[in-house]
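Grab the viewer and a pencil: here are a few exercises on reading a protein fold. Try each task yourself before you look at the worked solution.

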Amino acid sequence: DVRPGFLLVHSVPYVNAKKEVARGIIVSELTTAMPDVLGRPPTHQVHFIGEHPCKANGADLVQIRCQSAEFKLAEGITARHHFSNKPQRGYYESYYEKVTTYVRVISSQAKALDPTADARTFRTHEPIEDDSVFLYQDTASSRAGIQRLAARFRQQRIAFVGLGGTGSYALDLVAKTHVVEIHLFDADLLRPHNAFRLPGAISREILDRGITKVKYLSEHYSTMRRGVVPHEVMIDEGNVMELAGFDYVFLCVDRGEVRQLVLRALAETGVTVIDAGMGLNLSDDQESIWGTCRVTVSTPSTRDIALARIPRADRDEELYASNIQVADFNCLNAGLAVAKWKRMSGFYLDDHEEYETTFSVNLNQLSRLERR
């Protein structure tokens with residue numbers, strides 16, 4: 001039985017403490033070398049659903065014992081035991097070798113009591129419908145053992161307002177999660193200078209197409225996943241309330257008036273707005289760059305604070321327009337914004353629940369502001 005990132009081997013006969021033959025399930029992570037081709041197992045360990053296997057006389061099968069606890073591996077997959085059976089060479093060449101080895105070790109004791117006990121039942125098994133947004137298995141989460149945590153994003157609808165350097169890097173990180181829908185709002189065309197600030201490499205042929213940034217990005221990420229929706233428009237007073245239907249809005253624009261418009265329009269909604277901005281400037285002698293990256297979060301309980309912290313549509317607008325933007329700090333700014341979103345979603349632990357984070361370039365210092 002193949003689940004996202006896992007291989008489940010059902011009906012494995014084993015002996016329980018009462019010296020009865022029971023059936024359990026071996027659970028192994030599943031790693032692919034290519035989307036439809038299995039790679040070599042990265043670990044020699046497995047989990048087990050059932051009682052701890054015993055020898056034919058009822059004594060624990062200590063040969064494979066590693067740890068017993070509740071292991072919530074993914075939605076609907078909770079194991080009780082963790083086994084380790086390392087081959088002499090130190091690794092398994094294939095999943096076939098790994099599975100058959102564990103089945104042989106566990107079921108050999110059951111065969112001693114019942115010679116007909118066999119994990120090969122030859123029953124047909126209907127595949128489980130996979131509702132993943134990805135076009136191939138998310139084996140990264142299963143390798144890391146965080147499949148259950150990764151599933152917390154499944155029902156979220158995310159909007160990005162502004163897909164320049166910071167917005168595109170934030171999109172790159174969010175697109176690799178299980179978010180069901182990602183909507184992109186930006187009307188700007190994809191220009192050569194964008195190629196030096198967006199993730200990855202953009203070919204000359206793509207630039208020559210004269211398409212918008214959101215069209216390019218939706219096409220690019222749609223090769224990996226479903227649910228990336230382009231909107232070739234700028235957010236203004238006429239369409240800003242379209243954002244009210246999202247769980248989170250990443251605000252990554254360089255116009256203070258748009259920031260203020262979005263925050264004011266969504267003030268009475270339950271939408272969380274994560275505003276990411278950079279303020280990098282040349283030093284007086286023009287020999288180096290200094291400044292900050294900032295992430296400000298607007299929730300129903302921090303609306304007024306956030307509104308006061310973000311750039312406005314007057315003097316701040318002019319200052320922000322003169323700022324320098326470079327790909328590495330676009331990436332850092334996006335990483336801080338996405339990390340905050342993941343903390344708010346329960347993926348990462350959030351001990352302080354700050355409403356603003358800033359990183360000072362010249363001081364190499366990260367700071368936070370919290371509600372007191």
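**Exercise 1. Find out what share of the contacts in the protein chain joins residues at least 24 apart, and describe the chain's overall dimensions.**

Step 1. Take the contacts between residues at least 6 apart in sequence: 65% of them join residues at least 24 apart. Keep in mind that you're looking at a predicted model.

Step 2. Now the dimensions. The C-alpha trace spans about 85 × 50 × 45 Å along its principal axes.

Step 3. Check that against a rule for globules. For 372 residues, a compact globule would have a radius of gyration near 21 Å, but this chain comes out at 26 Å.

Step 4. Add the inventory: the chain has eleven helices and 16 strands, and buried residues make up 48% of the chain.

**Exercise 2. Trace the open sheet of eight strands and work out which strands sit at its edges.**

Step 1. Write down the order: E11-E10-E9-E12-E13-E14-E15-E16, with mixed pairing.

Step 2. Look for strands that pair on one side only. These are E11 (228–231) and E16 (365–369), the edge strands.

Step 3. Compare directions, pair by pair. E9 (residues 157–161) and E12 (residues 248–251) run parallel, joined by four bridges; in that pair, Ile158 has Tyr248 as its bridge partner.

Step 4. Move one pair along. E12 and E13 also run parallel, again with four bridges, and here Tyr248 stands opposite Thr272.

Step 5. The next pair is E13 and E14, which run antiparallel and share ten bridges. Ile274 stands opposite Val297 in E14.

Step 6. Follow the chain from E13 into E14: this is a hairpin with six residues between the strands, where Gln286 takes a positive phi near 60 degrees.

**Exercise 3. Decide whether E13 is mostly covered or mostly open, and list helices that lie across this strand.**

Step 1. Count buried residues, using the cut-off of under 20% relative accessible area. Nine of the eleven residues in E13 are buried, so by that cut-off the strand is mostly covered.

Step 2. Look for helices. H8 (residues 256–265) lies across E12, E13 (272–282) and E14 (289–298), and runs at about 165 degrees to E13.

Step 3. H11 (residues 327–344) lies across E9, E12, E13, E14, E15 (356–360) and E16, at about 155 degrees to E13.

**Exercise 4. Explore the largest nonpolar core: which residues have the most contacts inside it, and which element gives the largest share?**

Step 1. Start with the general idea: in soluble globular proteins, nonpolar side chains tend to be buried together.

Step 2. Here the largest core has 41 residues, and those with the most contacts inside it are Phe160, Leu171, Val174, Leu184, Phe250 and Trp341.

Step 3. Ask who contributes. Elements supplying at least two residues each include H4 (165–174), E10 (181–185) and H7 (213–221), while the largest share, six residues, comes from H11.

Step 4. Zoom in on Phe250. Leaving out residues up to four places away in sequence, Phe250 touches several residues, among them Phe160, Val174, Ile274 and Trp341.

Step 5. Don't stop there: a second, separate core of 20 residues includes Leu7, Ile64, Val99 and Val103.

**Exercise 5. Name the buried residues of H7 and say what they pack against.**

Step 1. The buried ones are Lys213, Val214, Tyr216, Leu217, Ser218 and Tyr221.

Step 2. These residues pack against H4, E10, H5 (192–195), H6 (204–208) and E11.

Key
Residues numbered from 1 in each chain as written. Predicted model: local features only at pLDDT ≥ 70, side-chain atom pairs only at ≥ 80, totals over all residues. Heavy atoms only, no water. Pairing = 2+ DSSP bridges. Contact = heavy atoms within 4.5 Å. Axes fitted to C-alpha atoms, helices over the stretch in contact; angles between N-to-C directions. Core = buried A, V, L, I, M, F, W, Y, C linked by side-chain atoms within 4.5 Å. Buried < 20%, exposed > 50% of the residue type's maximum accessible area, 1.4 Å probe, protein only. Rg over C-alpha atoms; globule rule 2.2 N^0.38 Å.
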